[in-house]
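Subject: Structure for you to look at, with notes

Dear colleague,

I am passing on the structure we spoke about, and I would be glad if you could read the notes below with it open in front of you.

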Amino acid sequence: MSGMSSTAYQLQDGVAVITLDNPPVNGLGHALRSHIVAGIDAAQADLEVRVIVLIGSGRAFSGGADIREFGSPKASAEPNLHTVIRIVEASQKPVIAAIGGVCMGGGLELALSCHFRVAVAGAQIALPEVKLGLLPGAGGTQRLPRVVGVETAVNMIVSGNPVPSEKLRGTALFDEFIEGSLLEGALKFAAKVVAEKRALKLVRDIRIDYPNHEAFFQFSRNTVAALAKNFPAPLKCVEAVAAAVQPFDEGLKIERRLFVELMGTPESRALRHAFFGERACSKIPDVPEGTPTRKIEKVAVIGAGTMGGGIAMNFLNADIPVLLLEMKQEALDRGVSTIRRNYENSMNKGKLTQEKLDRRMSLLSGTLDYEALKDADLVIEAVFEELGVKETVFRKLDEVMKSGAILASNTSTLDVNKIAHFTQRPQDVVGMHFFSPANVMKLLEVVRGAATAKDVLATVMALAKKIRKTAVVSGVCDGFIGNRMIEHYGRVAGFLVEAGASPQQVDRALEKWGMAMGPFRMGDLAGNDIGWAIRKRRYVEKPEVKYSKIADQLCELGRFGQKVGRGWYLYLAGSRDAIPDPEVDRLIEDYRKELGIAPRQIADAEIVERCIYALVNEAARLLEEGIAQRASDIDMVYLAGYGFPLQRGGPMRYADEVGLYNVVRAMRRFAAAPGGDTRFWEPAPLLARLAAEGKTFN
Ligand SMILES: NC(=O)c1ccc[n+]([C@@H]2O[C@H](COP(=O)([O-])OP(=O)(O)OC[C@H]3O[C@@H](n4cnc5c(N)ncnc54)[C@H](O)[C@@H]3O)[C@@H](O)[C@H]2O)c1
């Protein structure tokens, strides 16, 4: 039993107890798989052993594959999961799975290969592979329907969601439910199996008796095809379960073929990338895990406007008290009542109970007095986007906040290093860039200033998890990761309209490709005046930057977007439907005439290429400058904050999928086209180098 603790294999009254022990969830890594095989072999050879129990250590049977081994040779090294399952199934002595806590993926497939299964109530049973764009590939699609029935199996495998064990009580998945200690109960059950000389039961031998299966599978195919348009896995999950009505080995072959097909799809690669990207982005190379964190028990928010209110709600939802500071009582009252109204709306939709609403509101207090902030552990500033205003606020905070408090700014565009130096404690200053609506959007950019202390970063990253955000670290630059890239995307969208596309065509092309919202609808939603203000500031400093002035002209007409009922589109009162507006078309035509541009037909594919490659090129610069720590962090920013299609895995992952060589070729084509902006389309050095070397970002 090399590498395993001596407790991982024990003999008790003729029962060999094999413990799955690989914290945190007993992932079936190579060492654990080898241990199971060694245990089964030892038990076969030992004349004293009559029966074998497989049980998990801690609070899991097994969570499935060990994700730490993903992509490494260890993941498939022998004994692989298929081998382990065959060996367990072929054991001459009965093998009993004792299931408690988490039993998922390969863990459930292993349990299904045992001759008997006992469980406690509350165990979480799932085959979640579909969430990675795959299907259970170690017999799960064939064995689960044989024990829980075809319909339940389709639901579980297509959704991937966990089902509590007690909901599956009465099915052939479980031979017995155990009250009290799982191990004791399993040992008692083992004694019964021996005493009654029970025959070894193999799930594979069960025949599915479901006369209506054809109609049911057809219904499932139709439903799943309509619901999972962008992902092939759910439909293949149905196909795999449909094969379970065939003889077992035939079905297993079909499962294998479908699994291999899914492994090769871009959608599965994207989902696996996002899964690991989510885990990677919480890691900061020079801030090791275990870096001490500061205690955050009370949060203060400065400014109760659009962002301040949403930010406050995040903490209230996580049961952390919030003190909201405003300049005037009316502004404070308005902010507090907006928060209450948001909660009431959730309650009316049945998403929140009155009790929870009361609890959250009781954690909220307001003040006009900075002195009241002195015992807050974290303060987040969300006042007007002007450096002078930020200066006043941070000087004041420096005076009143207790030592060790974290001072954060929600600025979108201002220099966090400058803000830090308005205080005598730049090490305690950090950017926390939330996205609107801040109580809904998953993304949080954590802006690391030149002086930001490591324990401040560690604290903010841990806090982000608590408030359920996807936190990505960004260095200091104008726009940080997300908005610096979106500026390039927006500029290209503007050029496309100048050149002949309509705003509707650009939006539609990108939405069809998968973006949640096209750039012009997005501008109308966020408020075109915000971009206008930024352009005025930014392009005064950089007059060499070229951009289409149509957006400015729109703003000069007061077309700020949804909030005024007109922007790139028209909006009827109370509706968010974007209606094309002939006045905007005329404005665009006049603008083209003035510049002597003869409009051309632009294909949707070209619109997508130009907009997405503009993102990719700027992202390559961010990576090279060290503003972003890794390519997958950029993908997480776009997936969590910008409505980028999950099935494409983020801009960097998408560029890798297309091939960087092809991305660079397209950019050179755009540069060489008549009127092409050679400077804009110059591939970033990192992109050019990776493309030349045949490499990828991720
Ligand atoms: N709106 C967005 O989409 C968005 C997204 C990310 C970040 N941000 C950033 O968040 C910050 C706030 O933006 P917003 O959209 O919530 O603005 P807002 O105008 O809705 O709210 C700002 C609030 O701050 C208050 N305020 C101003 N000066 C103050 C002071 N000295 N002390 C206390 N309160 C003061 C104002 O009364 C107002 O209620 C800005 O830095 C902005 O760049 C905005």
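The notes that follow go from the overall chain to the ligand, then to a pocket, and end with some points of backbone geometry.

Please keep in mind throughout that this is a predicted model. The chain has 27 helices and 18 strands. Its radius of gyration is 29 Å, which is close to the 26 Å that the globule rule gives for 698 residues, so the chain is as compact as a globular protein of that length. Taken along the principal axes, the box filled by the C-alpha atoms is roughly 90 × 60 × 50 Å.

The ligand

There are 22 residues around the ligand, and those that come nearest are Met-307, Glu-326, Glu-385, Lys-390 and Asn-410. Sorted by class, this shell is made up of 11 nonpolar, eight polar and three charged residues. At least two shell residues are supplied by each of helix H11 (306-317), helix H14 (387-400) and strand E16 (429-434), and the largest share, three residues, comes from H14.

Three polar pairs with oxygen atoms of the ligand may be worth inspecting one by one. An N or O atom in the side chain of Asn-410 is 2.8 Å from a ligand oxygen atom, while a polar side-chain atom of Ser-412 lies 3.0 Å from an oxygen atom of the ligand. In the case of Val-383 the backbone takes part, with an N or O atom placed 3.3 Å from an oxygen atom of the ligand. As for how much of the ligand is covered, the protein takes up 80% of the 830 Å² of accessible area that the ligand has on its own.

The second largest pocket

The second largest pocket has a volume of about 1400 Å³. It is lined by 42 residues, of which Ala-65, Asp-66, Ile-67, Phe-70 and Leu-132 are the closest to its centre. By class, the lining consists of 21 nonpolar, 11 polar and 10 charged residues. The elements that each supply at least two residues of this lining are helix H2 (81-89), strand E6 (102-104), helix H3 (106-113), helix H9 (248-263) and helix H10 (266-280); among these, H10 gives the most, with five residues.

Backbone geometry

Two cis peptide bonds should be checked when you go through the loops. One joins Pro-23 and Pro-24, with omega about 5°, and Pro-24 sits in the loop between strand E2 (15-20) and helix H1 (30-45). The other runs from Ser-436 to Pro-437, where omega is near -5°, and Pro-437 has its place in the loop between E16 and strand E17 (443-447). E16 is thus met again here, having been named above as one of the elements that supply at least two residues of the ligand shell.

A further point concerns Lys-197, which has a positive phi of about 50° although it is not a glycine. Lys-197 is found in the loop between helix H6 (182-195) and helix H7 (213-227).

With best regards

Definitions and conventions:
Residues numbered from 1 in each chain as written. Predicted model: local features only at pLDDT ≥ 70, side-chain atom pairs only at ≥ 80, totals over all residues. Heavy atoms only, no water. Near = heavy atom within 4 Å. Polar contact = N/O pair within 3.5 Å; in protein donor to acceptor, adjacent residues only side chain to side chain. Areas by Shrake-Rupley, 256 points an atom, 1.4 Å probe, with all protein chains shown as cover. Helix = DSSP H or I, 4+ residues; strand = E, 2+ residues; numbered from the N terminus. Nonpolar A, V, L, I, M, F, W, Y, C, P; charged D, E, K, R; others polar. 1 Å grid on protein atoms, 1.4 Å probe; cavity = no way out; pocket = protein on both sides within 12 Å on 5 of 7 lines; lining within 4 Å. Points joined across faces, edges and corners; volume = space filled by probe spheres on them. Rg over C-alpha atoms; globule rule 2.2 N^0.38 Å.
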